[in-house]
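Open the model in your viewer and keep the selection box handy. We will go from stop to stop, with a note on what to select at each one.

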Amino acid sequence: MASAAEQLASNLNFSTFAKAEDLKKRLWFTLAALLVYRLGTHIPLPGLNPEAYAAAFKGQAGGILGLFNMFSGGAVQRMAIFALGIMPYISASIIVQLMTSVVPALEQLKKEGEQGRKIINQYTRYGTVLLGTLQAYGIAVGLESGQGVVADPGWFFRISTVVTLLGGTMFLMWLGEQITSRGIGNGISLIIFAGIAAGLPTALAHTLELGRTGALSTALILTVIVVAIAVIGLIVFVERAQRRLLIQYPKRQVGNRMFQGDTSHLPLKLNTSGVIPAIFASSLLLLPATAAGFAGTSTLPAWATSIVSALGHGQPLYMALYAALIAFFAFFYTAIVFNPKDTADNLKKHGGFIPGIRPGERTAEYIDYVLTRITVIGALYLVFVCILPEMLVAQTGIPLALGGTSLLIVVSVTLDTVAQIQGHLIAQQYEGLIKKSKLRGGKRGR
């Protein structure tokens, strides 16, 4: 039997959306914020020679710069003020979340509720400033090393570049937080989604152009398209998949009447971590290239240069580390967002229990047992979805925007945003039903 929420969801229509004024305001705010982001990716960094930079970027577009460019929505290709994108914030989030697991003081802050989360978020912002400064300075040094790319090299250019790029990253971080609180969906994920989605039409057109010129065979292009469609279908299926644990509540007596115990389900998503492992893994693998740009490739020793080359996009070592980091973050982030002990305590507090499992510690162990096993499947799914298309990209030379990571982010963020919109509509319909019942009750009272 469908739940009340599922029944309401099936009854949603355009009239419900038309009445949801708050939802429409949130949607317009989200669209306006993403438009501001897209405009910022077209404002160029001052002091550059556009022709010389375009030639330098073209030679590196298939490597690490291409990956940067994909996540920044084309801002790296134009070297815009948002060229750093949101990656420093994501890297800082990774570091702070890792530290909360090993530093007792941060772990205690995490348990203090809203106040503790605000302090941890503030540490993340400080980390974003530090990492953004280092990465922006590395970009400035790398630009100066290009032949004729910078019109007037020197400390003035470096400082202005650091201030501009860091300011762009901090603005995007603030914009993402505003979307999360005043718009629809997760702001940071939507910013990354907007950047990738904006590059998909160009990537598809470029792939078809390669087929027209004979660089790629028609059979290979069709294979890539079929694989992309199959991957999208797999993502939709797995992201909606759940393992539901049956929860029972005991019989209760109200006055002289005995009410039958209720039953419900505890839904555990097959992929609890969502797109975070792919984003975290990609951002971590960008750090060596950033460090190399900071030091200057000409000054690096031979062993460091070989490591940076081995970590280039599409290389075997890159693929192996990418898969390992995705699997690690799938378990790590799941452990952060879902605490079996807290869930078991809440069930016990409200009188709920899993049939055949003793409430309390045994319930927590059972939930952890189930969650660990479905996370194994979720981690394998993430590795497969991200690595298979990336291998095709590396072998065929098609644009990175058609790779597994980009498809995973686009489809997952779309599903999450649609689910949030549906949640707002269900809440709107609930409010309408409550108002109708109150009106009916008032008329009967008269």
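## The whole chain

Start with a cartoon view: the protein chain has 18 helices and four strands, where helices (H or I, at least four residues) and strands (E, at least two) are DSSP runs numbered from the N terminus. This is a predicted model, so local features need pLDDT of at least 70 and side-chain atom pairs count only at pLDDT 80 or more, while totals for chains, interfaces and linings use all residues. Residues are numbered from 1 along each chain as its sequence is written, and side-chain values use heavy atoms, with hydrogens and water left out.

Now switch on the surface. The protein chain exposes about 23,700 Å², and carbon and sulfur atoms supply 63% of that area; accessible areas come from the Shrake-Rupley method with a 1.4 Å probe, and for residues only the protein chains shown count as cover. Of the 446 residues in the protein chain, 42% are buried. Buried means under 20% relative accessible area, exposed means over 50%, and partly exposed is in between (1.4 Å probe, protein chains only).

## Stop one: rings in helix H15

Select phenylalanine 328, phenylalanine 329 and phenylalanine 332. Rings of Phe, Tyr and Trp (its six-membered ring) pair if their centres lie within 6.5 Å; planes under 30 degrees apart count as stacked, over 60 as edge-to-face and the rest as tilted. The count by this rule is eight aromatic pairs. One of them joins phenylalanine 328 and phenylalanine 329: the ring centres are 5.1 Å apart and the planes meet at 65°, so the pair is edge-to-face. How are the rings of phenylalanine 328 and phenylalanine 332 arranged? Their centres are 5.7 Å apart with planes at 15°, so this pair is stacked. Phenylalanine 328 and phenylalanine 332 are four residues apart in helix H15 (residues 316-337), which separates them by about one helical turn.

Colour by accessibility next. Phenylalanine 328 is partly exposed at 41%, while phenylalanine 329 is buried at 2% and phenylalanine 332 is buried at 11%.

## Stop two: an aromatic cluster and a surface patch

Select Tyr37, Phe82, Phe171 and Trp174, which form one aromatic cluster. Keep Phe171 and Trp174 and add Val36: these three form a nonpolar patch on the surface, with about 260 Å² of accessible area together. Patches are made of residues with over 30% relative accessible area and no salt bridge; like charges are joined within 9 Å, nonpolar side chains (Val, Leu, Ile, Met, Phe, Trp, Tyr) within 5 Å. Valine 36 lies in helix H3 (residues 21-40) and is partly exposed at 38%.

## Stop three: salt bridges

The whole structure has five salt bridges, each a side-chain nitrogen of Lys or Arg within 4 Å of a carboxyl oxygen of Asp or Glu. Select arginine 212 and glutamate 209, whose closest N and O atoms are 2.6 Å apart in a salt bridge. These two are three residues apart in helix H11 (residues 187-213), or about one helical turn. Arginine 212 is exposed at 62%, and glutamate 209 is partly exposed at 35%.

For your last selection, take lysine 269 and glutamate 239, which meet in a salt bridge (3.9 Å, N to O). This pair links distant parts of the chain, 30 residues apart: lysine 269 is in strand S4 (residues 263-269) and glutamate 239 in helix H12 (residues 218-239). Which partner is buried, lysine 269 or glutamate 239? Glutamate 239 is buried, with a relative accessible area of 9%, whereas lysine 269 is partly exposed at 34%.
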